[in-house]
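Subject: Structure handover

Hello,

Here is the structure for you to look over. My notes follow below it.

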Amino acid sequence: ETGESTKCFVGGIGETTDEALKKYFETHGPVEEVTIMRDKLTGQSRGFGFITFVHRATAETVSSFRHNINGRFCEVKIATPRDERSKPHPPPADTSGAPITKIFVGGVDAAVNDEQFRKHFEGFGAVVSAEVRRDNMTGKSRGFGFVTFETTEAV
């Protein structure tokens with residue numbers, strides 16, 4: 001809903017005051033609260049803080065571009081509530097939305113063969129195919145491979 005207050009993370013801020021930051025952001029819309037995170041011992045800015053806007057629409061607008069505050073470029077992002085950060089992420093998908101079941105594996109030791117490679121990844125889920133890529137001329141391992149799983153859960 002556009003009427004609910006929304007907290008934003010502000011990164012890249014320099015030494016400034018809560019009041020100065022509030023004054024800057026109030027040019028975009030009403031601000032409910034400003035908190036610059038500070039070092040407990042020195043009191044100096046840790047370079048980031050949080051701003052709560054009265055209206056979500058203001059937060060969405062402000063987070064859509066970078067800000068120059070006191071000569072420093074700052075980034076604003078809508079904050080994710082703590083209880084939502086631990087929620088499981090949706091299954092991986094490519095840009096078309098198709099689920100991803102194939103992964104690239106780099107740093108494969110030259111001594112590893114396809115069977116060993118497959119057995120290692122079967123511990124994560126059912127494997128459709130597993131292949132260490134080899135040089136066409138010499139047959140030597142190129143140090144990487146691909147694994148395709150039956151489901152996205154293993155990815």
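Let me start with one residue: does Arg133 count as buried, partly exposed or exposed? Arg133 counts as partly exposed, at 29% relative accessibility. Please keep in mind that this is a predicted model.

Arg133 also has a charged partner. Arg133 forms a salt bridge with Glu131. Their closest N and O atoms are 3.4 Å apart. Glu131 counts as partly exposed too, at 37% relative accessibility.

**Overall make-up**

The protein has 155 residues, and 26% of them count as buried. Its secondary structure comes to 4 helices and 8 strands. Read from the N terminus, the order of elements is β-α-β-β-α-β-β-α-β-α-β-β.

The exposed surface of the protein is about 10400 Å². Carbon and sulfur atoms supply 51% of that area. As for contacts, take those with a separation of 6 or more: residues 24 or more positions apart account for 54% of them.

**The sheet**

An open sheet is built from 5 strands. Their order across the sheet is S2-S3-S1-S5-S4, and the pairing is antiparallel. The edges are held by strand S2 (31-38) and strand S4 (67-69). Each of these has a single partner strand, so one side of each is left without a neighbour in the sheet. From one strand to the next, the twist averages 30°.

Now to one pairing inside that sheet. Strand S1 (residues 6-11) pairs with strand S3 (residues 45-53) in the antiparallel sense, over 6 bridges. To find the register on screen, start from Val10: its bridge partner in S3 is Gly49.

A helix goes with these strands. Helix H1 (residues 18-25) lies across S1, S2, S3, S4 and strand S5 (72-78). Helix H1 runs at about 135° to S2.

**Cysteines**

How many disulfides does a search of the whole structure find? The search finds 0. Two cysteines are worth a look for their burial. Cys8 counts as buried, at 0% relative accessibility. Cys74 is buried as well, with a relative accessible area of 1%.

**Salt bridges**

A search of the whole structure finds 5 salt bridges. Among them is the Arg133 and Glu131 pair from the start of this note. Two others follow.

Glu15 forms a salt bridge with Arg38. The closest N and O atoms of that pair are 3.1 Å apart. What does the pair tie together? Glu15 lies in the loop between S1 and H1, and Arg38 lies in strand S2, so the pair ties together parts that are 23 residues apart in sequence. The two ends differ in their cover. Glu15 counts as exposed, at 53% relative accessibility. Arg38 is partly exposed, with a relative accessible area of 29%.

Glu75 forms a salt bridge with Lys77. Here the closest N and O atoms are 3.9 Å apart. Glu75 is partly exposed, with a relative accessible area of 43%. Lys77 is partly exposed, with a relative accessible area of 45%.

**Where to look**

On a quick pass, begin with the open sheet of 5 strands. Next, find helix H1 lying across them. Then turn to the salt bridge between Glu15 and Arg38. Finish at the buried Cys8 and the buried Cys74.

Best wishes

Definitions and conventions:
Residues are numbered from 1 along each chain as its sequence is written. This is a predicted model: local features need pLDDT of at least 70, side-chain atom pairs count only at pLDDT 80 or more; totals for chains, interfaces and linings use all residues. Side-chain values use heavy atoms; hydrogens and water are left out. Helices (H or I, at least four residues) and strands (E, at least two) are DSSP runs, numbered from the N terminus. Buried means under 20% relative accessible area, exposed over 50%, partly exposed in between (1.4 Å probe, protein chains only). Contact means heavy atoms within 4.5 Å. Accessible areas come from the Shrake-Rupley method with a 1.4 Å probe; for residues, only the protein chains shown count as cover. Two strands pair if DSSP finds at least two bridges between them. Axes are lines fitted to C-alpha atoms, for helices over the stretch in contact, and angles run from 0 to 180 degrees between N-to-C directions. A disulfide is a pair of cysteine sulfur atoms within 2.5 Å. A salt bridge is a side-chain nitrogen of Lys or Arg within 4 Å of a carboxyl oxygen of Asp or Glu.
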